[in-house]
Amino acid sequence: MKKLYRFHADRKIAGVCAGLGEYFDLDPVFFRLFFLASLLFGGLGAVAYLILWIMVPEKEGAQGGLRRAKRLHLSSSDRKLAGVCGGLGEWLDIDPVLFRVAFIVLALMGGLGILVYAVLWLLIPRPSAVTTAGNPSG
């Protein structure tokens with residue numbers, strides 16, 4: 001039976017999103033974005049996050065198993081500013097220039113592109129040493 005744990009190694013705050021990502025076999029960035037968005041709409045996600053932080057035990061060390069899905073991370077090889085667009089491009093196998101143009105257009109339309117880029121920069125993890133060593137392209 002699968003058990004839900006908080007992961008110390010892949011955490012941003014308490015490891016809740018990393019644990020949820022491992023449990024549901026999804027990238028933890030999706031859960032981080034969900035909890036962040038829920039703060040803007042009443043804050044119920046913050047309460048849920050705090051409850052999970054208290055109730056879910058922490059598991060030290062590496063995550064349970066190897067992930068089958070490709071993880072989203074900041075690019076170490078295709079960086080113009082912080083590696084967000086390069087990481088999105090590598091993750092979705094799309095030219096990162098499309099993401100760069102989209103962020104610039106959103107930035108010109110009220111600054112939303114800058115805000116989204118900054119949030120993604122804070123939420124998307126850097127590539128681990130194992131990821132970059134196993135993948136010559138970074």
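**View 1. The Phe34 and Phe35 pair.** Is Phe34 buried or exposed? Phe34 is exposed, at a relative accessible area of 51% (exposed is over 50%, buried under 20% and partly exposed in between, with a 1.4 Å probe and protein chains only). The model is predicted: local features need pLDDT of at least 70, side-chain atom pairs count only at pLDDT 80 or more, and totals for chains, interfaces and linings use all residues. Numbering starts from 1 along each chain as its sequence is written, and side-chain values use heavy atoms, leaving out hydrogens and water. The structure has seven aromatic pairs (ring centres of Phe, Tyr or the six-membered ring of Trp within 6.5 Å; planes under 30 degrees apart are stacked, over 60 edge-to-face, the rest tilted). Among them is the edge-to-face pair of Phe34 and Phe35. Their ring centres lie 5.4 Å apart, and the planes meet at 65 degrees. Phe35 has a relative accessible area of 10%, so Phe35 counts as buried.

**View 2. Phe103 meets Tyr117.** Phe103 and Tyr117 also make an edge-to-face aromatic pair. The centres are 5.3 Å apart, with 90 degrees between the planes. This pair links distant parts of the chain, 14 residues apart. Phe103 belongs to helix α5, residues 96–108. Tyr117 belongs to helix α6, residues 112–123 (helices are DSSP runs of H or I with at least four residues, strands E runs of at least two, numbered from the N terminus). Both Phe103 and Tyr117 are buried.

**View 3. An aromatic cluster.** Which residues join Phe34 and Phe35 in one aromatic cluster? Tyr49 and Trp53 do. The cluster thus brings together Phe34, Phe35, Tyr49 and Trp53.

**View 4. Lys59 over Tyr5.** The charged end of Lys59 sits over the ring of Tyr5 (NZ of Lys or CZ of Arg within 6 Å of the ring centre and within 35 degrees of the ring normal). The distance from that charged end to the ring centre is 5.1 Å.

**View 5. Cys17 and Cys85.** How many disulfides does the structure hold? The count is zero (a disulfide needs two cysteine sulfur atoms within 2.5 Å). Cys17 is buried, at 6% relative accessibility. Cys85 is buried too, with a relative accessible area of 5%.

**View 6. Leu92 and Leu72.** Leu92 is found in helix α4, which runs over residues 84–92. Its relative accessible area is 41%, so Leu92 is partly exposed. Leu72 is 20 residues away from Leu92 in sequence. In space, their C-alpha atoms are 8.8 Å apart.

**View 7. Asp27 and Ile124.** Where does Asp27 lie? Asp27 is in the loop between α1 and α2. Asp27 is buried, with a relative accessible area of 7%. Along the chain, Asp27 and Ile124 are 97 residues apart. Their C-alpha atoms are separated by 9.7 Å.

**View 8. The chain behind the close-ups.** Seven helices and two strands make up the set of elements in the chain. Read along the sequence, they follow the pattern β-α-α-α-β-α-α-α-α. The chain has 138 residues, and 35% of them are buried.
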